[in-house]
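Work through the exercises below with the sequence and the model open. Try each task before reading its solution.

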Amino acid sequence: MADPAVASGGSLNAGGRGSGGKAATSPAENYHLARRRTLQVVVSALLTECGFESAEKAAVETLTEMMQSYISEIGRCAKAYCEHTARSIPTLSDTVVTLIEMGFKADTLPVYAKRSQRMVITAPPVTNPPVTPKALSAGQKRTHPAHIPSHFPEFPDPHTYIKTPTFREPVSDYQVVREKAASQRRDVERALTRFMAKTGETQSLFKDDITAFPLIAAQPSTIPYLSALLPSELELQTLEETDSSEQDDQTDSENAAGNIISDDPGADKENSMLPPGGLVPSAKATEDNVIDNPYLRPVKKPKVRRKK
């Protein structure tokens with residue numbers, strides 16, 4: 001009888017499907033490789049029991065494929081018989097019926113299991129599950145409910161579907177806030193200076209190198225005090241809104257005065273003297289030809305709000 005390590009060692013060196021060259025990266029590939037290597041060890045042990053001292057790589061691979069197909073077919077047929085009887089978990093009777101259907105004598109299994117030259121294969125080492133980093137730990141991992149079989153994949157880590165805040169609490173330290181505000185102000189000024197230097201005219205301190213230490217060129221004005229006299233856009237917008245509101249109020253008051261009906265008998269006589277429109281022409285019609293210029297408008301005193 002040959003040493004079982006010879007056959008099992010040769011089977012371990014034999015590469016299974018997907019085990020040659022590249023190492024597995026995903027958990028599914030790792031599980032497939034581990035299952036394949038276990039079947040190769042079983043095939044090597046059976047060959048040793050039959051008296052073989054060595055085996056070719058192709059022969060071991062063929063026998064491993066045959067055993068894997070046979071076990072898969074048993075599982076598939078047992079699942080079919082189980083579902084045929086309106087059950088979800090196969091039982092021993094389903095497996096026995098499957099073996100009989102495949103032409104195997106189930107009565108010989110106990111005798112074969114108690115054979116004297118049987119070799120015991122040690123269980124593969126159990127690898128520890130990967131430790132979840134503390135930064136990703138959130139909540140408690142869920143287990144399968146009673147209606148889900150235990151061989152189904154486990155629930156994903158809680159951090160994949162539980163909402164976790166990704167922001168930090170605002171800093172309330174006075175010194176840190178002031179330093180951050182000063183740094184932001186400095187960055188904004190530096191960025192604005194660079195933008196103006198790239199888009200406008202610049203002057204350099206050195207005649208040889210124009211790009212070194214660029215300075216924003218001053219633009220002299222013939223009338224330097226003109227910008228102080230011109231109103232800003234905000235002031236113009238405020239004046240326009242004030243004028244439009246006053247015009248709307250005046251129009252509403254004129255319409256209200258024209259719609260008043262008097263009960264005086266002499267009112268019909270007065271109404272007969274009104275123009276066809278029924279309204280007395282106001283002074284607004286004479287102001288249509290006035291140029292809309294903020295410098296030609298009359299001076300208006302600002303409204304002083306009294307404190308209550």
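A residue is called buried at under 20% relative accessible area, exposed at over 50%, and partly exposed in between, using a 1.4 Å probe and protein chains only. Helices (H or I, at least four residues) are DSSP runs, numbered from the N terminus. The model is predicted: local features need pLDDT of at least 70, side-chain atom pairs count only at pLDDT 80 or more, and totals for chains, interfaces and linings use all residues. Residues are numbered from 1 along each chain as its sequence is written, and side-chain values use heavy atoms, with hydrogens and water left out.

**Exercise 1. Compare the span of α3 with the expected span, and list its buried residues.**

Step 1. The expected span of a helix is 1.5 Å times one less than its number of residues.
Step 2. α3 has 28 residues and should span 40 Å; its end C-alpha atoms are 41 Å apart, which agrees.
Step 3. The buried residues in α3 include Val-60, Glu-61, Thr-64 and Gln-68, and also Ile-74, Cys-77, Ala-78 and Cys-82.
Step 4. Just after α3, Ala-86 has a positive phi of about 60°.

**Exercise 2. Describe how α2 packs against α3.**

Step 1. Axes are lines fitted to C-alpha atoms, for helices over the stretch in contact, and angles run from 0 to 180 degrees between N-to-C directions.
Step 2. For α2 (residues 27-49) and α3 (residues 57-84), the angle is about 110° and the axes are 9 Å apart.
Step 3. Angles under 35 degrees count as roughly parallel, over 145 as roughly antiparallel, 65 to 115 as roughly perpendicular and the rest as oblique. α2 and α3 are therefore roughly perpendicular.
Step 4. Contact means heavy atoms within 4.5 Å. On the α2 side, the residues that meet α3 include His-32, Arg-35, Arg-36 and Leu-39; among their partners in α3 are Val-60, Glu-61 and Thr-64.

**Exercise 3. Is Arg-36 of α2 buried or exposed?**

Step 1. Arg-36 lies in helix α2.
Step 2. Its relative accessible area is 3%, so Arg-36 is buried.
Step 3. Arg-36 and Glu-61 are 25 residues apart along the chain, and their C-alpha atoms are separated by 9.7 Å.

**Exercise 4. Classify the packing of α3 with α4.**

Step 1. α3 and α4 (residues 92-101) pack at about 120°, with axes 8 Å apart.
Step 2. The two helices, α3 and α4, are therefore oblique to each other.
Step 3. Tyr-70, Ile-74 and Cys-77 are among the α3 residues in this contact, and Asp-94, Thr-95 and Val-97 are among those of α4.
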